[in-house]
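Let us walk through this model step by step. Keep the sequence and the coordinates in view as you read.

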Amino acid sequence: MLRYTVPSMSCGHCAAAIERAVKGIDPQASVSVDVRAKEVSIRSNVEPARLADAIRGAGYEPQPAA
Ligand SMILES: [Cu+2]
C-alpha cells in the first residue's frame, strides 16, 4: 500500500482527478482518497514513481506520507 500526502487537494473534484490519473496508468489499481486528511492510498503493482508522475500530470504534487 502506497500512501501520499497531497496538500493541494481540496475537494471531491481533486479526488476524482487523482483517482482518474492513477487508474489511467493502472485500471486495476484500488485508490482511496481522503480529502479531509489530504491523503491518497493506492494499491497497485505499478512502480510508485509512475503513479506519482500520473498524479503530477493531473496537476497535484504528491509527497510521501509521513
Ligand atoms: Cu478540488
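Start with one residue, S41. At 13% relative accessibility, S41 counts as buried, because the cut-off for that class is under 20%. The model is a predicted one. S41 sits in strand β3, which covers residues 39-43. Leave out residues up to four places away in sequence, and S41 touches M1, L2, R3, S30, V31 and S32. Among these contacts, L2 and R3 belong to β1, residues 2-5. S30, V31 and S32 belong to β2, residues 30-34. One residue thus leads to the sheet as a whole.

Four strands make up that sheet, and the sheet is open. Their order is β2-β3-β1-β4, with antiparallel pairing. β2 and β4 stand at the edges, each with a single partner strand, so one side of each has no neighbour in the sheet. Strands of a sheet pair through backbone hydrogen bonds, either parallel or antiparallel.

Now take the pairings of β1. Four bridges link β1 and β3 in the antiparallel sense. Here T5 stands opposite E39 in β3. Two bridges join β1 to β4, residues 63-64, and these strands also run antiparallel. On this side, T5 stands opposite Q63, and Y4 stands opposite P64. T5 therefore appears in pairs with both strands: E39 of β3 and Q63 of β4.

Which residues of β1 lie on its covered face, and which on its uncovered one? L2 and Y4 are on the covered face. R3 and T5 are on the uncovered face.

Next come the helices that pack on the strands. α1 spans residues 12-25. It has 14 residues and reaches 20 Å from its first C-alpha to its last, close to the 20 Å expected at 1.5 Å a residue. α1 lies across β2 and β3, running at about 160° to β2. α2 packs on the sheet too, touching β1 and β3. The direction of α2 makes about 35° with that of β1.

Look at the buried side of α1. Its buried residues are C14, A15, A17, I18, A21 and V22. Seen down the axis of α1, they fall within an arc of 165°, so they line one face of the helix. An α-helix has 3.6 residues a turn, so residues three or four places apart point the same way. The cover over the buried residues of α1 includes β2, β3 and α2. The face of α1 turned away from that buried side carries the exposed residues G12, H13, R20 and G24.

α2 can be read in the same manner. It covers residues 48-57, and its buried residues are L51, A52, A54 and I55. Seen down the axis of α2, these fall within an arc of 155°, so they line one face of the helix. They pack against β1, α1 and β3.

R56 also belongs to α2. At 38% relative accessibility, R56 counts as partly exposed. Neighbours within four places in sequence aside, R56 is in contact with E61 and P62. R56 and N45 are 11 residues apart along the chain, and 19 Å separates their C-alpha atoms.

Two backbone angles deserve a check. Most residues other than glycine have a negative phi. K38 has a positive phi of about 55°, although it is not a glycine. K38 lies in the loop between β2 and β3. With a relative accessible area of 28%, K38 is partly exposed. G59 follows α2, and its phi is positive as well, near 100°.

End at the metal. Which residues are the protein donors of the copper ion? They are C11 and C14, each through its SG atom, lying 2.1 Å from the ion. Is each of these two buried or partly exposed? At 33% relative accessibility, C11 counts as partly exposed. C14, at 6%, counts as buried. C14 also brings the reader back to α1, as one of the buried residues of that helix. The copper ion thus has a donor on the buried side of α1.

Definitions and conventions
Residues numbered from 1 in each chain as written. Predicted model: local features only at pLDDT ≥ 70, side-chain atom pairs only at ≥ 80, totals over all residues. Heavy atoms only, no water. Donors = N, O, S within 2.8 Å, 3.2 Å for Na, K, Ca; no water. Buried < 20%, exposed > 50% of the residue type's maximum accessible area, 1.4 Å probe, protein only. Contact = heavy atoms within 4.5 Å. Arc of directions from axis to C-beta. Pairing = 2+ DSSP bridges. Axes fitted to C-alpha atoms, helices over the stretch in contact; angles between N-to-C directions. Expected span 1.5 Å × (residues − 1).
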